[in-house]
Amino acid sequence: MIDILADLNPAQREAVEAADGPLLVVAGAGSGKTRVLTTRVAWLLQRGEVAPHEVLAFTFTNRAAREMRERVAGLVGAPAAPRWIGTFHATGARLLRRDGAAIGVASDFTIYDTDDSLRVVKRALERCQFDVQTLQPSAARVLISRWKNEGIAPTEAAGRAADPRERRVAEVFAVYEEELRRGNALDFDDLILRAVQLLAPGTAAQQKYARRFRHVLVDEFQDTNRLQMVLVKSLAQYHDNVFAVGDDDQSIYGWRGACIENMLEFEAAFPGARLLRLEQNYRSTGNILDAANAVIAHNRRRRGKTLWTAGAAGDCLTLGRVFDEEDEASRVVELVREELAAGLARGDVTVLYRTNAQSRALEDALRRATLPYQIVGGTQFYERREVRDLLAYLKLIANPRDGVAAARVLNVPRRRLGETTAERLRELADREGLSVGEAAARPGLLESALPPATARRARDFFDQVAAWRAAQADTPVPALLERIIAETGYRDWLAADDPTTAQARLENVDELVAAAHAFDEASQGGRLGGFLEQTALVADADALDDDQGVVRLMTIHTAKGLEFPVVVLAGCEEGLLPHLNALADDGGLEEERRLFYVALTRARRRVHLLCARARRRAGQRELADPSRFLAEIPAALLEPRDEALGAPSVAGQAWPTWREEPRRIRETQLAPAGAALQPGQLVVHPTLGRGVVARVEGEGDDLMVTVDFPEHGRKHLLARYAHLRPSR
DNA sequence: CTGGTCCCCGTTTTT
DNA sequence: CGGGGACCAG
């Protein structure tokens, strides 16, 4: 038997060997959190007092679940590894498939993702006859989701509504729930909410599972929400063995309902709970840690801890100020080349950013430089139209009541069953209190509601689906998928529909077929339901290529839990990081700061920070100030050092001068938004050309400049938008 | 019912 | 700049 405790430090060891009872491990970034968690599981099993099926572990992503499963298997052997390791959503789905009948959830329910759910909201809005213009479907969906996460039922929602708009959403909520029920579907929130209902105190299911799971472990505890906490409590009700690991400084999912109080008030939730801290960091250099510590110290709502390392201080963090996002992208290419020259591999460099939209400029530059790269996450594979179409066919086969799937493929490929027909079918179904699929299955019903020729086409469609359904039991998933593609002529349709995108879309179809084959092999002939479950709950971030050969690009959110030798953090600007939309409340700012902290602490050896003076947003070029977080990094840790950042400069003040020799900046340098502008000054405007400043009025954002252009006459320009540069 | 055009929208992060 | 929806003509 291997000594699983051999390489642990005292704090880690204490956590692993902790006695029964609730325990919160506050584990800083890079402190060996995953290691502690996996070793704890192995230790429990190795002592022989706990059987594999008595252990339940929650992770944040499927990737983390897989990793944990593999690592535990490595320690105790595959047969002895627990099977109940998964995300909250996957575990909720699993519990509901098994025992959902007790609360009226059929075992073959469909999972609606955010997009499906939005379609149902739109439909509900229509049924309530609310104007989509005044009540945005997406806003309604967010509110409904929030209510569900607070455990508020549709009947209670009206009472909770803060204004008339919310009262209308409450009405939509009720219809939405009815649509889900009729479609035999659960949305993401339901996977937790219904599991909580299933395991309510005193129920048979709670007796069963809370007794069985003698140990409940939770990873990334700082990002659990209220409902997930309730689920954990239900499951731990009997044995009271909750082993939670998290880092309040890395809580970055508040917008999704993550409740940092779960962590800050752990002892109140679990009386008698113990608390342990892991503060020794094994990942990053001293300088990176010092920078991260200094930044995060500005947050108020935290438990407080300080990471340290026994390792070397390492290199300074670098800061590059660039002209715009294109310049930034070229600088990223240069940085990659420099790292390659320093002996690192392409796969050692990861570029992080705040928003997915930032990836475009970076991709363009990397492609031009012929540097292979991979986007992790982003527009996800399973969100592509063609993939969703084909999955909708499979979903409709697995669950005839799935209304979203039926609506999606009714006329894809085109079979002359357009919106009018779809609407008639929905009306018919509503009248009968059935789903569209059920209504179509009733003899003669289609024919009663549609013109004869249309009814015939609709009948053909539903017959075709029924035939696939009949074949499903003894057709492997990949064969079924191929059959659908062939019999619908899907590939031809794709090619004809839009030749410019055909190739990429066909490749996606192939990739989906490949995924079906992979599933078939991995599950040894698994059922359709299993494949759909996987596609519904597996995110692209889970499919992080272990291929070390390419530069990787991802959002900071996606990077959570990962580590890389070199991190390039792009877009360190006010308005972007911290993001403008997050600044409304100060909790938002703290979460943005945690994002910055997460980004820094992903790096093992080096961090390169980039910030642009101007950035295109919604097609408009806008000036940007350096992120305030940059100024929170001690200057001694930054290279170059004389780039005094101070407080973000206000438009109208001089831009700081930079030692760094700008490459394109010199030619295209923005006018110091005002400072250098004075009557008589020669300036150049991007489109108006050369001119002479006649007058300067106002200040800050309102700084107005009057310029005489020889060819265009006198113009009044707002300095912050005019992009004037001084001319010699 | 389809295919085209136009316009408007908004662009944070994801299980 | 980009996609998605609304609107209109065949």
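User: Which strands does helix H4 (residues 88-99) lie across, and at what angle does it run to S3?

Analyst: Helix H4 crosses strand S2 (55-59), S3 and strand S6 (215-218), and it runs at about 120° to S3. Helix H11 (residues 226-236) also packs on the sheet, where it touches S2, S6 and S7 and makes about 170° with the direction of S2. Some vocabulary: helices (H or I, at least four residues) and strands (E, at least two) are DSSP runs numbered from the N terminus. Contact means heavy atoms within 4.5 Å. Angles run from 0 to 180 degrees between N-to-C directions, using lines fitted to C-alpha atoms, for helices over the stretch in contact.

This is a predicted model: local features need pLDDT of at least 70, side-chain atom pairs count only at pLDDT 80 or more, and totals for chains, interfaces and linings use all residues. Residues are numbered from 1 along each chain as its sequence is written, chains are lettered from A and ligands numbered from 1 in the order written, and side-chain values use heavy atoms, leaving out hydrogens and water.

User: What is the order of the strands in the open sheet?

Analyst: Strands of a sheet pair through backbone hydrogen bonds, either parallel or antiparallel. Here six strands follow the order S3-S2-S6-S7-S1-S8, with parallel pairing; pairing requires at least two DSSP bridges between two strands. Strands S3 (84-87) and S8 (274-278) are at the edges with a single partner strand each, so one side of each has no neighbour in the sheet. From one strand to the next, the twist averages 15°.

User: How many bridges join S1 and S7?

Analyst: Strand S1 (residues 23-27) pairs with strand S7 (residues 242-246) over four bridges, in the parallel sense. Leu-24, for example, has Ala-244 in S7 as its bridge partner.

User: Which residues touch the most other members of the largest nonpolar core?

Analyst: In soluble globular proteins, nonpolar side chains tend to be buried together. A nonpolar core is a set of buried Ala, Val, Leu, Ile, Met, Phe, Trp, Tyr and Cys residues joined through side-chain atoms within 4.5 Å; buried means under 20% relative accessible area, exposed over 50%, partly exposed in between (1.4 Å probe, protein chains only). The largest core has 51 residues, and Leu-394, Phe-461 and Leu-512 touch the most other members. Helix H17 (residues 385-398) gives the most to this core, with eight residues. Another core, of 41 residues, lies apart from it and includes Cys-611.

User: Why is Cys-611 not bonded to Cys-572?

Analyst: A disulfide is a pair of cysteine sulfur atoms within 2.5 Å. The closest cysteine sulfur to that of Cys-611 is in Cys-572, 6.7 Å away, which is too far for a bond. The whole structure has zero disulfides.
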